[in-house]
Protein chains: 6
Amino acid sequence: MTSKNKTALVVSAHSADFVWRAGGAIAYHARQGWQVKIVCLSFGERGESAKLWRRPGMTLEQVKIARRDEAQRAADILGAEVEFWDIGDYPMRVTDDTLFRLVDLYRELQPAFVLSHSVKDPYNFDHPLAMHLTQEARVTAQAEGHNPGQKILGAPPVYAFEPHQTEQCEWMPNTFLDITDVWEVKRRAIECMAGQEHLWEYYTRMALQRGVQAKRNIGITASRNIEYAEGYMRLTPEVVETL
Amino acid sequence: MTSKNKTALVVSAHSADFVWRAGGAIAYHARQGWQVKIVCLSFGERGESAKLWRRPGMTLEQVKIARRDEAQRAADILGAEVEFWDIGDYPMRVTDDTLFRLVDLYRELQPAFVLSHSVKDPYNFDHPLAMHLTQEARVTAQAEGHNPGQKILGAPPVYAFEPHQTEQCEWMPNTFLDITDVWEVKRRAIECMAGQEHLWEYYTRMALQRGVQAKRNIGITASRNIEYAEGYMRLTPEVVETL
Amino acid sequence: MTSKNKTALVVSAHSADFVWRAGGAIAYHARQGWQVKIVCLSFGERGESAKLWRRPGMTLEQVKIARRDEAQRAADILGAEVEFWDIGDYPMRVTDDTLFRLVDLYRELQPAFVLSHSVKDPYNFDHPLAMHLTQEARVTAQAEGHNPGQKILGAPPVYAFEPHQTEQCEWMPNTFLDITDVWEVKRRAIECMAGQEHLWEYYTRMALQRGVQAKRNIGITASRNIEYAEGYMRLTPEVVETL
Amino acid sequence: MTSKNKTALVVSAHSADFVWRAGGAIAYHARQGWQVKIVCLSFGERGESAKLWRRPGMTLEQVKIARRDEAQRAADILGAEVEFWDIGDYPMRVTDDTLFRLVDLYRELQPAFVLSHSVKDPYNFDHPLAMHLTQEARVTAQAEGHNPGQKILGAPPVYAFEPHQTEQCEWMPNTFLDITDVWEVKRRAIECMAGQEHLWEYYTRMALQRGVQAKRNIGITASRNIEYAEGYMRLTPEVVETL
Amino acid sequence: MTSKNKTALVVSAHSADFVWRAGGAIAYHARQGWQVKIVCLSFGERGESAKLWRRPGMTLEQVKIARRDEAQRAADILGAEVEFWDIGDYPMRVTDDTLFRLVDLYRELQPAFVLSHSVKDPYNFDHPLAMHLTQEARVTAQAEGHNPGQKILGAPPVYAFEPHQTEQCEWMPNTFLDITDVWEVKRRAIECMAGQEHLWEYYTRMALQRGVQAKRNIGITASRNIEYAEGYMRLTPEVVETL
Amino acid sequence: MTSKNKTALVVSAHSADFVWRAGGAIAYHARQGWQVKIVCLSFGERGESAKLWRRPGMTLEQVKIARRDEAQRAADILGAEVEFWDIGDYPMRVTDDTLFRLVDLYRELQPAFVLSHSVKDPYNFDHPLAMHLTQEARVTAQAEGHNPGQKILGAPPVYAFEPHQTEQCEWMPNTFLDITDVWEVKRRAIECMAGQEHLWEYYTRMALQRGVQAKRNIGITASRNIEYAEGYMRLTPEVVETL
């Protein structure tokens with residue numbers, strides 16, 4: 001299987017999460033020919049659109065449209081496809097219909113890896129719920145007796161991307177991805193998020209900090225220069241070709 | 001750097017530990033041309049040689065000789081070099097001389113990865129001490145001001161191999177290595193341990209259990225058949241080429 | 001903002017919990033002029049009213065009335081307002097209506113701090129659920145797009161008060177409040193709980209134990225004499241004026 | 001109370017779980033005259049019947065019948081009663097009706113101990129849910145106000161039996177049961193599971209590994225020879241007659 | 001083996017620790033005919049004798065004598081033997097001579113269980129050190145090659161008795177011992193500690209609290225009435241006769 | 001006690017640590033009239049002076065002088081006193097003489113709070129050792145029988161300042177200090193560290209990130225604008241005046 005045939009799945013609770021937290025990984029794999037599919041479960045229309053709501057006369061529908069537009073442009077820049085499932089936020093609620101829709105997507109896409117939120121987050125209840133859904137759908141997609149006849153899912157690793165306050169979320173990066181080569185792409189995607197301009201520099205600094213840390217953790221390939229990186233927490237063990 | 005130039009370091013508290021716990025990884029990398037160096041800090045002469053002590057008239061020196069012989073033959077079979085540092089066991093005590101000797105070895109060997117014991121073990125105090133030494137020597141070998149002029153060490157990952165009662169040791173495998181192709185070599189090395197015959201089947205079963213688990217955790221390469229595996233706990237994050 | 005304008009919110013799963021676990025904090029702040037609002041989600045009518053049920057001829061309604069009466073008198077003594085939401089217990093179930101009702105209360109009250117149960121409790125499933133509700137409502141109340149136009153909530157700290165068996169609940173006190181000056185008030189409130197007389201001494205001893213521990217943890221103000229204290233587990237970081 | 005009057009309850013998410021994970025304990029207590037009741041919440045018909053689904057023309061109903069038959073025969077061999085509640089799997093969903101049915105069973109059976117799954121399992125969402133149900137029903141069965149007049153439940157200990165990948169599930173055995181004397185019975189029950197033949201040897205090896213570990217943890221009764229054992233994680237403290 | 005031949009070992013960092021924390025277990029087993037041996041590593045002469053130091057003209061020697069006298073009388077009351085090893089406190093330092101002395105004692109005594117301090121304690125560095133010594137000596141006493149010819153030790157369980165601030169010490173009771181029948185004995189032993197009178201009531205209340213909790217955790221034997229209890233944290237798994 | 005009489009103690013493993021990790025807190029309290037005393041246990045001469053070692057002809061003595069000079073200038077800028085104890089680094093070794101020296105300093109200074117490194121750090125063994133020393137000396141300084149006649153220490157809180165890779169060090173900030181007003185001072189102190197210029201921007205970004213997080217965690221004082229902050233992990237509970 002060459003990169004051209006490979007696929008990845010990103011499950012984002014709100015429509016901007018995938019940009020801040022996984023934009024580098026998306027751009028990096030997309031550039032190598034991967035098909036990357038993003039699911040935005042909601043637009044973050046109620047809980048993560050403060051700036052839009054301060055405009056006079058805004059309605060929920062207008063906020064959603066603005067957020068969708070930003071996210072679509074960011075996904076285009078990153079080279080990924082995006083779907084908007086519009087299931088609501090703050091609080092997010094997940095039905096079995098949503099679960100089975102995601103199961104279908106897993107089976108159709110057969111992703112080689114999956115990205116979503118941290119398993120815990122005391123500041124945000126939609127994020128862990130999105131991860132729970134991501135994991136439960138994955139397990140259901142592996143079940144031979146769910147829609148028998150469909151091709152079942154293998155065991156793609158699930159990674160938790162970086163939450164806002166890592167230490168409070170019991171999130172620990174065990175995997176770093178060098179995103180230096182695609183940083184400029186991620187930054188352009190970030191700049192689509194007109195409503196959250198205060199976060200642009202926050203996530204730029206975060207990428208630089210993770211870049212420094214990634215460099216510190218490289219073994220025999222220390223010649224490589226890493227400037228920007230993203231941290232991930234892989235949830236299940238890895239089977240390696242070499243230690 | 002091809003495999004031929006690559007090196008690995010294994011720090012074993014007692015002279016049989018490297019066989020049960022890392023024999024597969026040693027044989028696997030050796031077969032690919034790696035230079036694998038094993039340091040046996042002690043022979044396990046006091047605490048892990050019960051059967052030898054039950055022979056009439058045994059002395060500490062005789063036990064050491066018997067244990068050294070077994071370990072040397074096992075290392076030969078696995079294709080690795082072994083050094084015996086004879087610092088004593090039950091209790092093991094580590095001086096700064098031992099620390100600096102290991103620092104020298106790190107710098108000379110420049111290993112691409114390092115294997116040692118679990119960080120905790122309520123059943124065994126020599127094992128965590130060996131790991132502590134392994135980590136402290138690694139950090140000292142990175143210090144520019146230690147024996148200035150020598151080539152300093154990079155940042156090779158350290159892996160904890162599997163302890164006897166994993167759950168009590170807070171040891172969790174995040175990495176599996178398929179050792180099916182070298183299993184027969186590991187089994188022959190195991191059979192050198194005449195004094196601990198009761199463990200032969202124990203560690204054979206362990207390799208089979210880890211093999212089943214490894215298969216469950218493979219993603220896109222599910223075509224591979226894994227029968228035997230070893231589990232490792234990587235202590236620091238990994239910088240990956242692809243998620 | 002002086003104490004007179006300050007408010008606090010206490011979310012109690014059953015109608016007596018707030019007395020045993022937070023009665024001191026309630027009385028202490030009330031005495032300083034704070035408006036303290038208690039929400040009793042249920043009366044503990046099924047699961048925490050054993051003594052009442054042993055009276056002949058009791059019905060669920062009679063138990064509720066008795067429990068409500070006790071709790072109302074306790075709240076009066078402590079100087080707080082109390083609301084009874086009567087959502088049922090053992091098992092407790094939370095609907096979105098309850099969530100939004102609590103969101104409304106957060107926004108109306110704008111509490112400076114919030115008290116509820118421990119995050120885990122293997123002996124009690126209503127308690128962690130009450131805390132979950134408390135946290136989810138807090139986050140929803142911060143969402144600009146929830147009932148736009150209302151004043152949104154700031155970031156009041158949430159504290160978990162003490163569960164019955166702290167160590168089993170992964171509850172660790174990081175905050176002690178000296179309640180010596182209001183102890184006599186708390187004791188009187190405790191004595192309203194006619195149905196649980198066996199707990200009066202239990203929680204009196206607990207306050208004394210926490211008093212001894214609080215004294216041990218005081219730094220430069222050791223002149224203060226603490227006899228009774230309550231322990232709390234603050235869930236999020238504190239921003240301090242001085243270390 | 002003699003063994004003849006004693007009862008135990010086993011809550012199994014899928015119809016084979018009780019065999020692999022608790023078959024030894026069931027047979028051991030049954031042989032001593034205990035009444036052991038097993039509840040199979042589902043047949044594992046969607047998620048744990050891969051081999052059956054590969055037969056041509058299978059329907060969900062046929063899979064259930066085959067699984068039920070296997071489980072019934074296994075229970076018969078072990079000497080236990082089994083009920084099939086057929087609430088579905090992958091994903092499992094628990095209604096309050098199911099909760100109250102289990103509460104009724106607790107009160108009727110008055111079990112001296114209860115067995116179910118691990119509290120966490122990233123590979124399986126039905127397992128932790130079954131344990132959650134088991135614990136919540138136990139607490140509800142203790143509530144005096146639930147169906148007043150019925151005999152309420154005492155405080156039987158709940159044990160988590162062994163999950164597939166223990167370390168990933170934060171499962172740690174604090175209790176071992178010697179099942180050497182009933183091993184042959186458990187093995188026969190295992191062999192009823194025609195659809196999962198690949199697991200027969202896996203759980204045989206597991207029993208042998210736990211046997212070796214149990215022997216290591218015996219104190220003054222070291223004369224006993226343990227060959228096969230099962231590990232359990234007791235969730236709440238034990239009140240002992242002697243340390 | 002009847003109770004008359006059974007032995008237990010208690011390792012106490014300072015000369016009063018065994019009274020507060022394990023006096024009930026000591027008296028309980030002694031009354032049943034056990035030989036209980038207490039080792040006081042130090043007198044707590046520097047760090048736990050504040051009241052004595054406030055007497056005019058006290059010297060280290062005088063403090064030791066007073067503390068020894070109190071501890072001897074307490075041990076007599078409890079029915080146990082006590083040895084004073086006088087290795088110093090605040091800070092305590094352990095040499096290999098002390099380790100081997102304890103190994104000898106283990107082998108001579110062959111205790112059925114061992115009691116010492118919690119594994120962690122941020123308020124006290126002597127306590128965890130005493131536990132470390134207790135565990136390392138136990139493992140060394142199991143080593144066939146340590147003083148070959150002596151009878152080696154089996155695998156007696158080690159329990160951590162209760163520290164002052166349990167939650168800060170990551171200490172969780174998984175075992176309760178009913179000490180109601182010997183409470184009066186423990187109280188008399190407590191009252192020997194003239195220098196720490198402020199702790200008499202503290203540990204009386206603690207025993208009452210643990211008594212209430214123990215009652216809550218009893219299963220089928222709920223007829224028993226527990227008034228006073230001690231909590232213990234067993235460090236290694238138990239092999240049970242029945243679940 | 002006014003600020004003018006208040007004192008604080010900072011224990012820094014290497015001579016630059018106090019600048020990166022606690023420079024803001026030092027400057028902030030110094031500006032308010034506190035006497036802040038810094039102890040540099042070593043110069044970081046072997047392990048944290050890579051750039052100096054790359055200059056031709058450097059000796060250990062020259063490196064120490066250069067590092068001392070940098071640290072002295074940084075302390076002057078921050079408004080603190082600094083002592084250099086020169087006990088060596090990589091590996092650091094602590095004797096009882098060093099312990100007692102620190103005990104003396106505790107008693108002389110009577111600090112209101114103490115700052116040192118994280119309790120764990122797999123990348124650095126000197127850092128946790130410095131914290132261990134800091135805690136053990138604190139406890140020893142509280143012992144009435146250590147140098148009787150001296151004024152004993154109260155119970156000043158100990159805070160762990162931020163390590164390089166927080167998540168790997170199990171370090172979680174529970175306390176934020178706003179250092180916006182003294183940021184310019186901290187930055188000037190940072191710029192004294194000529195040998196580690198690559199870290200200037202790293203720790204500037206870290207202060208900005210912590211500033212954003214601190215703002216998120218403020219409750220009723222949200223009017224305050226925080227741009228730069230430092231995070232701390234308080235190790236023991238706090239006794240508060242108000243929740």
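Chain F and chain C bury about 2900 Å² between them, 59% of it from carbon and sulfur atoms (buried area is the accessible area, with a 1.4 Å probe, that two parts lose on being put together, summed over both). This is a predicted model, in which local features need pLDDT of at least 70 and side-chain atom pairs count only at pLDDT 80 or more, while totals for chains, interfaces and linings use all residues. Residues are numbered from 1 along each chain as its sequence is written, chains are lettered from A and ligands numbered from 1 in the order in which they are written, and side-chain values use heavy atoms, with hydrogens and water left out. Chain F also meets chain A, with about 2000 Å² buried between the two.

**Chain F with chain C**

- The contact draws on 34 residues of chain F and 33 residues of chain C, where contact means heavy atoms within 4.5 Å.
- A turn of 180° with a shift of 0.0 Å along the axis lays chain F on chain C at an RMSD of 0.0 Å; copies are superposed by least squares on the C-alpha atoms of residues with pLDDT of at least 70 in both.
- Within chain F, Asn174(F) has the C-alpha nearest that axis, at 4.8 Å.
- The copies meet through the same surface, because 97% of the interface residues of chain F are also interface residues in chain C.
- Between chain F and chain C there are 0 salt bridges (a salt bridge is a side-chain nitrogen of Lys or Arg within 4 Å of a carboxyl oxygen of Asp or Glu).
- Polar contacts across the interface of chain F and chain C involve 12 residue pairs, both residues at pLDDT 80 or more. A polar contact is a pair of N or O atoms within 3.5 Å; within protein, one must be able to donate a hydrogen and the other to accept it, and residues adjacent in sequence count only if both atoms are side-chain atoms.

**Chain F with chain A**

- Chain F superposes on chain A by a rotation of 180° with 0.0 Å of shift along its axis, at an RMSD of 0.0 Å. This is the relation of a two-fold axis.
- Both copies use the same surface, as 100% of the contact residues of chain F recur in chain A.
- Each side is listed with its count: 19 residues from chain F and 19 residues from chain A.
- Of the area buried between chain F and chain A, carbon and sulfur atoms give 45%.
- Glu167(F), Arg205(F) and Gln209(F) lose the most area to chain A in chain F, together 32% of what that side buries.
- The interface of chain F and chain A has 2 salt bridges. Glu167(F) and Arg210(A) meet in a salt bridge through their side chains, at 2.7 Å from N to O.
- The side of chain F that touches chain A has 8 nonpolar, 7 polar and 4 charged residues. Here Ala, Val, Leu, Ile, Met, Phe, Trp, Tyr, Cys and Pro count as nonpolar, Asp, Glu, Lys and Arg as charged, and the others, Gly among them, as polar.
- There are 16 residue pairs in polar contact across the interface of chain F and chain A, both residues at pLDDT 80 or more.

**Chain pairs without contact**

- Chain B and chain C are not in contact, and their closest C-alpha atoms lie 18 Å apart.
- Chain A and chain E are likewise joined by no contact, with their closest C-alpha atoms 18 Å apart.

**Cysteines**

- Over all chains, the structure holds 0 disulfides (a disulfide is a pair of cysteine sulfur atoms within 2.5 Å).
- Cys40(D) is in no disulfide, and the nearest cysteine sulfur, that of Cys192(D), is 13 Å away. Cys40(D) is buried, at a relative accessible area of 0% (buried means under 20% relative accessible area, exposed over 50%, partly exposed in between, with a 1.4 Å probe and protein chains only).
- Cys40(E) is in no disulfide either, with the sulfur of Cys192(E) the nearest cysteine sulfur at 13 Å. Cys40(E) counts as buried, at 0% relative accessibility.
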